[in-house]
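Thank you all for coming. Please take a moment to look at the sequence and the structure on the screen before I begin to walk you through them.

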Amino acid sequence: MNYLSVENLTKSFGERVLFADLTFGIDSGQKVAIVAKNGNGKTTLLRCLMGLEPYDNGNIVYRKDIRVVYMQQIDLLNENLSVLDAVLSHDLPQLKIVKKYNEALASGNNQEVEACYEEMTELNAWDTEVQVNQMLSKLKLNDTSAKVASLSGGQKKRVALAQVLLADADLLFLDEPTNHLDLDMIEWLEDYLSKSKATIIMVTHDRYFLEVVCDTILELEDKTLHRYKGNFSYYLEKKAERQEQQQSTIDKARNTFKKELDWIRRQPKARGTKQKARIDAFQETKKIASQRIDEDEIDIPVKMERLGSKIVELHKISKSFGTKTILNGFTYNFQRQERLGIVGSNGTGKSTFLNLLQGYLEPDQGKIVIGETVVFGYYSQELIQVDENKKVIDVIRDIAEFIPLEKGRQLSAAQFLEKFLFDRSMHYNFVHKLSGGEKRRLKLMTVLMSNPNFLILDEPTNDLDIFVMSVLEEYLRSFQGCLIVVSHDRYFMDKMVDHLFVFEGEGAIKDIIGNYTAYRQLEKNAASSNSAAKLKNVEPALVKLEEVKSESQPKEKRKLSFKEKEEFKRLESEMEKLELEKQRLTEEMSAGSVSNEDLIRSGNRMSAIVSELETMSDRWLELAEFV
């Protein structure tokens with residue numbers, strides 16, 4: 001069943017054409033992602049589809065009687081409403097009665113509560129009530145009476161997300177739904193949308209999200225759309241194949257162009273039909289031969305100040321704000337080529353830790369020693385602070401006209417901009433004309449131009465598209481200094497870091513060897529073990545009574561059968577092998593030299609080994625009693 005049909009959609013701003021003659025359709029149940037480089041028109045396309053942005057020409061047709069909702073990057077909430085009122089602001093009977101019921105409970109009017117109770121039952125709205133409470137809990141919107149105006153930007157984003165998800169819409173438009181969500185919220189949303197029956201069109205830079213949730217990728221490139229029927233991995237594979245075929249076509253056209261150019265130069269002006277046709281064909285060949293496929297790769301061997309033996313040392317650092325403890329006697333020494341990821345819920349002290357590290361804050365107790373050769377580069381979440389009427393290339397030139405590279409080479413400001421996907425046509429644009437993502441990219445460049453040897457990236461993936469992220473990853477892969485990353489982008493964390501600081505609150509910090517996926521696997525294993533332990537402890541009273549009775553009676557001794565003796569020996573041998581394999585995997589995962597794919601595979605195998613050892617240990621103990 002078709003929900004949305006788009007034909008020949010064109011949009012331009014003055015002379016700049018964002019997209020031309022786009023034609024595509026969205027069917028019921030599809031989960032579609034639109035990917036493109038920042039500034040290519042992803043958000044503009046969504047706004048055109050929603051009727052919020054005029055377009056030059058084309059047709060947009062929705063199926064009749066379907067509910068459509070749109071979550072924008074900019075919050076448009078009524079700031080006078082409470083969190084609960086904002087979330088339940090849709091014109092749906094179930095949400096109206098849930099809102100009325102909550103108001104009655106808050107007022108203490110028992111008669112009104114009873115009336116709402118009956119209406120809730122009639123409308124079968126109790127499931128809706130549970131869903132609302134669960135969603136507010138998952139998104140950590142616990143104070144439902146708080147006014148929207150009093151919330152932070154991140155909290156408003158979560159209110160807008162809850163509002164959209166509770167709309168019971170047939171077609172959801174989501175623009176960067178994972179921004180301002182912590183890792184637990186992102187994983188919950190990933191699971192929620194995967195199971196949802198709604199049709200979804202989204203713009204997101206979260207590559208794991210694209211992998212798990214989406215079944216169709218629409219890439220907006222060179223003013224047109226390329227459709228890929230699959231998830232993110234499929235898209236990458238098929239895009240590479242398409243580019244390979246395109247490059248082959250370009251190479252053939254260039255060879256033909258050289259031959260035809262020689263013919264054109266030798267011939268007088270065309271007089272015959274055949275010559276005219278050949279000249280027309282030459283012009284078409286020239287057009288194809290002049291094409292160039294952009295490679296999202298970067299190789300900048302920047303001349304970096306060499307790190308000395310002493311980098312950054314933290315000696316029994318403590319920091320509190322009132323009664324809130326951030327660090328409590330924390331000690332750590334950073335090593336060369338350190339690749340550290342920092343995760344933790346909002347408010348656990350991640351930003352405070354970074355500010356202490358760079359000397360922006362002083363510890364309450366302890367000492368921070370910074371090596372003489374350390375040059376910090378800090379990419380923060382704030383937008384770039386420059387004159388909005390300044391040209392892009394002047395922002396870079398104000399820092400340096402040339403960037404020194406290894407072996408005495410150098411890179412001009414214009415060349416550096418091109419490396420970070422600012423083509424020549426954008427160099428003389430004013431900063432105020434850049435999109436949010438382009439401004440973020442420009443700020444990142446200003447940080448990297450300072451040639452730091454200790455790089456700190458605080459949420460670098462917010463508003464940076466997947467293409468720029470690939471460029472940044474290529475740069476960081478060859479970066480020889482220390483790196484700290486604070487990010488909710490699991491894909492980026494898995495590729496960039498080899499151990500994690502997990503901020504748990506109240507001054508507790510865990511140092512976990514491995515990347516983010518390995519850490520989440522360890523958490524799941526621990527949760528499973530705790531659940532199993534609780535189940536073992538929760539036994540029926542009658543069984544406990546029987547155990548008490550049996551304790552007073554001596555157990556009847558018995559001998560193991562031949563098969564049981566053989567099983568006992570086999571278990572000892574297999575458990576020893578598994579323990580050795582577990583030790584080997586632990587060493588491999590701690591070494592930091594394995595690839596991301598191997599690390600994930602090792603983490604999964606480690607989980608299986610722990611499970612097998614638990615099962616075998618239980619059986620071994622059972623048999624050992626009679627050996």
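**A walk through the fold**

The protein has 20 helices and 20 strands, and I should say at once that what you see is a predicted model. Of its 627 residues, 45% count as buried. The protein exposes about 33500 Å², and carbon and sulfur atoms supply 48% of that area. If we take the contacts between residues at least 6 apart in sequence, we find that 68% of them join residues at least 24 apart.

Let me turn to one of the sheets. It is an open sheet formed by six strands, in the order S5-S6-S7-S3-S8-S9, and the pairing in it is mixed. Which strands sit at the edges? They are strand S5, residues 68–71, and strand S9, residues 224–228, each of which pairs on one side only. From one strand to the next, the twist averages 15 degrees.

For those of you who are new to this, strands of a sheet pair through backbone hydrogen bonds, either parallel or antiparallel. Here, strand S6, which covers residues 171–175, and strand S7, which covers residues 199–203, pair in the parallel sense over five bridges. If you would like a pair of residues to look for, Leu-174 has Met-202 in S7 as its bridge partner. Across this sheet lies a helix, H1, made of residues 42–49, which passes over strands S3, S5, S6, S7 and S8 and runs at about 150 degrees to S6.

Next, I would like to follow helix H5, residues 126–138, through its contacts with two other helices. The axis of H5 and the axis of helix H3, residues 93–107, come within 9 Å and cross at roughly 70 degrees. Because an angle from 65 to 115 degrees counts as roughly perpendicular, H3 is described as roughly perpendicular to H5. On the H3 side, the contact is made by Gln-94, Leu-95, Val-98, Tyr-101 and Asn-102, while H5 contributes Trp-126, Thr-128, Glu-129 and Val-132. Sorted by class, that contact has five nonpolar, three polar and one charged residues.

The other partner is helix H7, residues 183–195, which packs with H5 at an angle of about 145 degrees, the two axes being 10 Å apart. In this case Gln-131, Met-135 and Lys-138 of H5 meet Met-185, Trp-188 and Tyr-192 of H7. By class, there are four nonpolar, one polar and one charged residues in the contact of H5 with H7.

Now please move along the chain to strand S12, residues 339–344. How many of its residues are buried? The strand is mostly covered, and six of its six residues are buried. In a regular strand the side chains alternate between the two faces of the sheet. In S12, Arg-339, Gly-341 and Val-343 point one way and Leu-340, Ile-342 and Gly-344 point the other way, and all are buried.

S12 also has partners to consider. Four bridges join S12 to strand S18, residues 482–486, in a parallel arrangement, and within this pair Gly-341 stands opposite Val-485. Five bridges join S12 to strand S19, residues 499–505, again running parallel, and there Leu-340 has His-499 as its bridge partner.

The loop that lies between S12 and helix H11, residues 350–357, holds Thr-348. Is Thr-348 buried or exposed? With a relative accessible area of 11%, Thr-348 is buried, because anything under 20% counts as such. Leaving aside its neighbours within four places in sequence, Thr-348 is in contact with Ile-326, Phe-503, Glu-504 and Gly-505.

Within H11 itself we find Leu-357, which is buried, with a relative accessible area of 1%. Its contacts, again apart from neighbours within four places in sequence, include Val-312, Leu-314, Phe-334, Phe-376 and Ile-456. Leu-357 and Val-369 are 12 residues apart in sequence, and their C-alpha atoms are 9.3 Å apart in space.

Finally, one of those contacts, Phe-376, takes us to strand S14, residues 376–379, where Gly-377 and Tyr-379 form a covered face and Phe-376 and Tyr-378 an uncovered one. S14 is joined by four bridges to strand S17, residues 454–458, and the two run parallel, with Tyr-378 standing opposite Ile-456 in S17.

Notes
Residues numbered from 1 in each chain as written. Predicted model: local features only at pLDDT ≥ 70, side-chain atom pairs only at ≥ 80, totals over all residues. Heavy atoms only, no water. Axes fitted to C-alpha atoms, helices over the stretch in contact; angles between N-to-C directions. Parallel < 35°, antiparallel > 145°, perpendicular 65-115°, else oblique. Contact = heavy atoms within 4.5 Å. Nonpolar A, V, L, I, M, F, W, Y, C, P; charged D, E, K, R; others polar. Pairing = 2+ DSSP bridges. Buried < 20%, exposed > 50% of the residue type's maximum accessible area, 1.4 Å probe, protein only. Areas by Shrake-Rupley, 256 points an atom, 1.4 Å probe, with all protein chains shown as cover.
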